[in-house]
Amino acid sequence: MEVQFIASLSVIAPDPAESNNLYVGSLGLPLTEADNDGYRHTESLGGAKHFGVWPLTAAAQACFGRDTWPTDRPIPQASVEFEVADADAVRSAAVELRSAGYTLLHQARTEPWGQTVARLQSVEGLVIGISYAPWLHS
């Protein structure tokens with residue numbers, strides 16, 4: 001696996017409104033909501049390709065296909081995505097991680113917005129994605 005850069009960092013917010021009060025209201029970060037799903041983000045903050053506030057319900061939906069986080073897993077506080085060269089590299093990384101004994105939250109898949117991603121959860125509770133987002137490579 002050859003990670004090229006950190007593609008994304010998002011806090012996972014059990015109370016998105018309160019998190020947005022801090023990140024948008026107090027810190028003045030230019031976060032916008034594109035799809036009316038509560039996920040606010042920016043790709044124009046220096047030093048980061050992408051920063052977002054990801055509602056816990058949306059993270060649960062993305063990882064498990066339901067609105068609640070499983071009670072047998074730690075509730076995550078953040079998500080970090082490591083960018084690789086292309087979609088095939090995501091699939092290869094997923095195989096490599098499974099071979100190393102890691103349990104994936106989901107296999108490599110292409111999301112409706114065009115990102116290919118496989119996710120696992122670290123022992124610290126972070127949601128970790130191996131990602132290929134084509135628009136970050138232009």
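By exposed I will mean a residue with over 50% relative accessible area, and by buried one with under 20%. With that cut-off in hand, E124 is exposed, because its relative accessible area is 63%. Please keep in mind throughout that what we are looking at is a predicted model.

Let me stay with E124 for a moment. This residue sits in the loop between β7 and β8, and its side chain makes a polar contact of 2.5 Å with the side chain of S122. If you look for Q77 from there, you will find that E124 and Q77, although 47 residues apart in sequence, have C-alpha atoms 9.4 Å apart in space.

Now step back along the chain to Q121, which belongs to strand β7, residues 116–121. Is Q121 buried or exposed? Its relative accessibility is 10%, so Q121 counts as buried. The side chain of Q121 reaches two backbone oxygens, that of P74 at 2.8 Å and that of G125 at 3.0 Å. Setting aside residues up to four places away in sequence, Q121 touches W69, R73, P74, P76, L105 and L126, and P74 therefore appears both among these contacts and as the owner of one of the two oxygens.

Let me turn to the helices, beginning with α1, which spans residues 16–26 and in which S19, N20 and Y23 are buried. Looking down the axis of α1, these buried residues fall within an arc of 100 degrees, which means that they line one face of the helix. On the other side of α1 we find A17, G25 and S26, which are exposed. As for what the buried residues of α1 pack against, the partners are strands β1 (5–13), β3 (40–42) and β4 (51–55). Just after the helix, G28 takes a positive phi of about 70 degrees.

Helix α2, residues 56–64, has as its buried residues L56, A58, A59, A60, A62 and C63. Which strands do the buried residues of α2 pack against? They pack against β1, β4, β6 (104–110), β7 and β8 (127–132). Strands β1 and β4 are thus partners for the buried residues of α1 and also for those of α2. Just after α2, G65 takes a positive phi of about 75 degrees.

While we are on backbone angles, I would also point you to N36, where phi is near 55 degrees, a positive value in a residue other than glycine. N36 lies in the loop between β2 (32–33) and β3, and it is exposed, because its relative accessible area is 74%.

Next, the largest pocket, which has a volume of about 530 Å³. Of the 24 residues that line this pocket, those closest to its centre are Y39, H50, W54, W113 and Q115. The elements that give two or more residues to the lining are β1, α2 and β5 (78–83). Sorted by class, the lining has 10 nonpolar, eight polar and six charged residues.

One of the residues closest to the centre deserves a closer look, namely Q115, whose place is in the loop between β6 and β7. Despite that loop position, Q115 counts as buried, because its relative accessibility is 6%. What does the side chain of Q115 join in a polar contact of 2.7 Å? The partner is the side chain of E81. Leaving aside neighbours within four places in sequence, Q115 is in contact with E81, R109, T110, S131, Y132, A133 and W135.

E81 also brings us to my last residue, I6, which lies in strand β1. With neighbours within four places in sequence again left aside, I6 is in contact with K49, V80, E81 and F82, so that E81 is a contact of I6 as well as of Q115. At 48% relative accessibility, I6 counts as partly exposed, because that value falls between the 20% and 50% cut-offs. Finally, the C-alpha atoms of I6 and T42, which are 36 residues apart along the chain, are separated by 14 Å.

Conventions:
Residues numbered from 1 in each chain as written. Predicted model: local features only at pLDDT ≥ 70, side-chain atom pairs only at ≥ 80, totals over all residues. Heavy atoms only, no water. Buried < 20%, exposed > 50% of the residue type's maximum accessible area, 1.4 Å probe, protein only. Helix = DSSP H or I, 4+ residues; strand = E, 2+ residues; numbered from the N terminus. Arc of directions from axis to C-beta. Contact = heavy atoms within 4.5 Å. Polar contact = N/O pair within 3.5 Å; in protein donor to acceptor, adjacent residues only side chain to side chain. 1 Å grid on protein atoms, 1.4 Å probe; cavity = no way out; pocket = protein on both sides within 12 Å on 5 of 7 lines; lining within 4 Å. Points joined across faces, edges and corners; volume = space filled by probe spheres on them. Nonpolar A, V, L, I, M, F, W, Y, C, P; charged D, E, K, R; others polar.
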